[in-house]
Amino acid sequence: MTRVLVVEDDPQLVRALVINLQARRYGVDSAPDGATALRLAADRRPDVVLLDLGLPDMDGVSVIRELRDWTRVPILVLSARQTSEEKVAALDAGADDFVTKPFSMNELLARLRAAVRRTEQQPVPPATTRVETAGFTIDLLAKRLVRDGHDVRLTPTEWQLLEILVTHPGQLVTQRQLLQEVWGVSQSSKTNYLRVYMAQLRRKLEADPSRPRYLITEAGMGYRFEA
């Protein structure tokens with residue numbers, strides 16, 4: 001059974017989420033604040049975290065950072081905050097997706113399913129288990145990225161995007177293909193997701209993110225990895 005940790009201080013929303021998740025055979029724990037969420041995450045080891053940013057005791061971004069110190073569990077942010085800066089802050093801290101309130105339950109459940117799929121072990125063809133460039137080395141089986149002698153931490157979503165690109169070196173991977181494989185068909189029109197995550201990957205991999213050497217944009221079409 002997939003276990004979900006709901007971190008939300010609105011009792012009505014928590015009740016709606018618990019009912020809908022349990023009806024679909026998810027195990028559910030809930031926390032009304034950040035401290036309780038961190039304790040339950042350590043005790044219950046959820047498969048997915050649904051996290052509100054506006055918690056009574058601490059900012060949700062701080063919760064994300066503390067979780068990322070020891071776990072790669074997918075984190076879906078649920079928030080009424082709509083500015084791009086706030087979304088980028090949550091994603092940079094390690095969140096995997098951002099769902100703006102109010103949201104449809106069907107959309108949330110689709111994104112939750114996509115997050116669970118991203119954590120499943122995907123067999124990597126032997127020829128592409130290791131990728132070496134002049135700037136960094138990627139071990140796809142160990143989920144390890146080393147740049148300039150230092151490990152670089154990626155979120156599960158960043159890993160999935162990077163794996164898709166580096167296992168198709170020199171090939172155009174379309175925006176639609178990336179969005180469908182990573183976020184599901186319902187996200188196929190939201191290219192802003194790709195722009196945010198590709199910017200994050202470039203900051204972590206490229207010497208000059210504004211002039212990328214490895215993660216190349218094909219305007220209006222998609223992205224290409226050049227070793």
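**Getting to know the helices and strands**

The buried residues of helix H3 pack against helix H2 (34-44), strand S3 (48-52), strand S4 (75-79), helix H4 (84-93) and helix H6 (156-166). Keep in mind that this is a predicted model.

Me: Which residues of H3 are buried?
Reply: H3 covers residues 60-68, and its buried residues are Gly60, Val61, Val63, Ile64, Leu67 and Arg68. Seen down the axis of H3, these buried residues fall within an arc of 155°, so they line one face of the helix.

Me: What makes the pair of Asp59 and Val61 a polar contact at the start of H3?
Reply: Here a side-chain oxygen of Asp59 comes to within 3.0 Å of the backbone nitrogen of Val61. The cut-off for such a pair of N or O atoms is within 3.5 Å, so this one counts.

Me: And what is found at the start of H2?
Reply: There a side-chain oxygen of Asp33 reaches to within 3.4 Å of the backbone nitrogen of Ala35. After H2 comes Arg45, with a positive phi near 50°.

Me: Which residues of H2 are buried, and what do they pack against?
Reply: Gly34, Thr36, Ala37, Leu38, Leu40 and Ala41 are buried in H2. The buried residues of H2 pack against strand S1 (3-7), strand S2 (27-31) and H3.

Me: Why are S2 and S5 called edge strands?
Reply: Five strands form an open sheet in the order S2-S1-S3-S4-S5, with parallel pairing. S2 and strand S5 (97-100) each pair on one side only, and so they are the edge strands. Neighbouring strands of this sheet are turned by 20° against each other on average, direction ignored.

Me: How do you know that S1 and S3 pair?
Reply: Pairing needs at least two bridges between two strands. Four bridges join S1 to S3, which run parallel, so the two strands pair. Within this pair, Val4 stands opposite Val48 in S3.

Me: Which helix packs on the sheet, and which strands does that helix touch?
Reply: Helix H5 (residues 105-119) packs on the sheet and touches S1, S3, S4 and S5. The direction of H5 makes about 160° with that of S4. Angles over 145 degrees count as roughly antiparallel, so H5 and S4 are roughly antiparallel.

Me: What makes the side chains of S7 alternate?
Reply: In strand S7 (residues 136-139), Phe136 and Ile138 point to one face and are buried, while Thr137 and Asp139 point to the other face and are not buried.

Me: How do you know that S7 pairs with S6 and with S8?
Reply: The requirement is at least two bridges. Strand S6 (residues 130-132) and S7 have three bridges, and S7 and strand S8 (residues 144-147) have four, so both pairs qualify. The sense is antiparallel for S6 with S7 and antiparallel for S7 with S8. Asp139 stands opposite Arg130, and the bridge partner of Asp139 in S8 is Arg144.

Me: How many residues lie between the strands of each hairpin?
Reply: The hairpin of S6 and S7 has three residues between its strands. The hairpin of S7 and S8 has four, and Lys143 takes a positive phi near 55° there.

Me: Why are H7 and H8 called roughly perpendicular?
Reply: Helix H7 (residues 175-183) and helix H8 (residues 191-205) pack at an angle of about 85°, with their axes 10 Å apart. Angles of 65 to 115 degrees count as roughly perpendicular, and H7 and H8 are therefore roughly perpendicular to each other. Where they meet, Gln175, Leu178, Leu179 and Trp183 in H7 face Thr191, Tyr193, Leu194 and Tyr197 in H8.

How values were computed
Residues numbered from 1 in each chain as written. Predicted model: local features only at pLDDT ≥ 70, side-chain atom pairs only at ≥ 80, totals over all residues. Heavy atoms only, no water. Buried < 20%, exposed > 50% of the residue type's maximum accessible area, 1.4 Å probe, protein only. Arc of directions from axis to C-beta. Contact = heavy atoms within 4.5 Å. Polar contact = N/O pair within 3.5 Å; in protein donor to acceptor, adjacent residues only side chain to side chain. Axes fitted to C-alpha atoms, helices over the stretch in contact; angles between N-to-C directions. Parallel < 35°, antiparallel > 145°, perpendicular 65-115°, else oblique.
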